[in-house]
Amino acid sequence: MAVTVQPLTDWNTGLFDCCDDVSTCCYGFWCCPCLACTVSGRFGENRCLPLCDICSPAVVSALGIPLCAPPAALSLRAAIRHRHAIKGTLCKDIATSCFCSWCSWCQMNRELKYRKKNTAVVVNVQPPPVMMAPGNAPPAGFVNQPVVMARY
């Protein structure tokens with residue numbers, strides 16, 4: 001069984017590229033929890049997941065457990081990176097989620113918007129079944145290859 005590996009790519013925009021999508025950064029600046037919930041929903045997770053980042057410090061500190069990494073931002077960032085084969089490390093994800101939280105949510109939102117616009121649909125087109133006698137070669141043009149149809 002052959003495993004195909006996607007080549008790693010960079011984030012579509014940099015962490016501080018707010019001018020690439022000003023509406024996202026303005027939205028994130030005025031209501032970061034709203035943007036975080038939007039990103040979570042767009043990725044397919046529960047929209048209320050980012051609220052863990054707001055509530056968890058109070059809950060864990062009440063139990064005496066120090067917490068510095070926002071769990072929802074960190075997990076979503078790592079998941080987006082893995083799903084879309086984006087270069088990076090967990091260490092960088094932790095640092096970005098801890099020290100540049102708003103910019104991280106904006107970057108993730110821009111990435112998901114970009115990926116949604118540039119998705120490709122793969123359709124496996126196969127010819128109708130052909131009855132072949134043993135020892136005969138398949139008919140000319142009998143190839144089983146997927147066809148990629150891009151959506152713009």
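Begin by selecting Glu-111, which is buried with a relative accessible area of 0%, where buried means under 20% relative accessible area, exposed over 50% and partly exposed in between, with a 1.4 Å probe and protein chains only. The model is a predicted one, in which local features need pLDDT of at least 70 and side-chain atom pairs count only at pLDDT 80 or more, while totals for chains, interfaces and linings use all residues. Residues are numbered from 1 along each chain as its sequence is written, and side-chain values use heavy atoms, with hydrogens and water left out.

**Glu-111 and helix 6**

Glu-111 lies in helix 6, where helices (H or I, at least four residues) and strands (E, at least two) are DSSP runs numbered from the N terminus. Show next what surrounds Glu-111: leaving aside neighbours within four places in sequence, Glu-111 is in contact with Trp-11, Asn-12, Thr-13, Ile-80 and Ile-86, contact meaning heavy atoms within 4.5 Å. Of these, Asn-12 is 99 residues away from Glu-111 in sequence, yet the two C-alpha atoms are 5.9 Å apart in space.

Now extend the selection to the whole of helix 6, residues 101-117. Its 17 residues should span 24 Å at 1.5 Å a residue, and the end C-alpha atoms are 25 Å apart, which agrees; the expected span is 1.5 Å times one less than the number of residues. The buried residues of helix 6 include the run Ser-104, Trp-105, Cys-106, Gln-107 and Met-108, followed by Asn-109, Arg-110, Glu-111 and Leu-112.

**The nonpolar core**

Which residues touch the most other members of the largest nonpolar core? They are Val-39, Ile-80, Trp-105 and Met-108, out of 14 residues in that core, a nonpolar core being a set of buried Ala, Val, Leu, Ile, Met, Phe, Trp, Tyr and Cys residues joined through side-chain atoms within 4.5 Å. Helix 2 (32-43), helix 4 (71-83) and helix 6 each supply at least two residues of this core, and helix 2 gives the most, with five residues. In soluble globular proteins, nonpolar side chains tend to be buried together. Centre the view on Met-108, which touches Trp-11, Val-39, Ala-73, Leu-76, Arg-77 and Ile-80 when residues up to four places away in sequence are not counted.

**Helix 2**

Select helix 2, whose twelve residues reach 16 Å from the first C-alpha to the last, close to the 16 Å expected at 1.5 Å a residue. Its buried residues are Cys-32, Leu-35, Ala-36, Cys-37, Thr-38, Val-39, Ser-40 and Phe-43. Cys-32 has a relative accessibility of 9%, and the C-alpha of Cys-32 is 9.6 Å from that of Cys-103, although 71 residues separate the two in sequence. At the other end, Gly-44, just after helix 2, takes a positive phi of about 105°.

Display Phe-43 together with Arg-83: the charged end of Arg-83 sits over the ring of Phe-43, 4.0 Å from its centre. A charge counts as sitting over a ring if NZ of Lys or CZ of Arg is within 6 Å of the ring centre and within 35 degrees of the ring normal.

**Helix 4 and the loop after it**

In helix 4, the 13 residues should span 18 Å at 1.5 Å a residue, and the end C-alpha atoms are 18 Å apart, which agrees. Ala-72, Ala-73, Leu-74, Leu-76, Arg-77, Ala-78, Ile-80 and Arg-81 are the buried residues of helix 4. Step on to Ala-85, in the loop between helix 4 and helix 5 (90-99): Ala-85 has a positive phi of about 50° although it is not a glycine, and Ala-85 is buried, with a relative accessible area of 8%.

**A stop at helix 3**

Is Cys-55, in helix 3 (residues 51-62), buried or partly exposed? At 46% relative accessibility, Cys-55 counts as partly exposed. The C-alpha atoms of Cys-55 and Pro-70 are 10.0 Å apart, with their positions 15 residues apart in sequence.

**The whole chain**

Finally, zoom out to the chain, which has six helices and two strands and follows the pattern α-α-α-α-α-α-β-β along the sequence. Of its 152 residues, 29% count as buried. Among contacts with a separation of 6 or more, 65% are between residues 24 or more positions apart. The accessible surface comes to about 10,300 Å², of which 66% belongs to carbon and sulfur atoms; these areas come from the Shrake-Rupley method with a 1.4 Å probe, and for residues only the protein chains shown count as cover.
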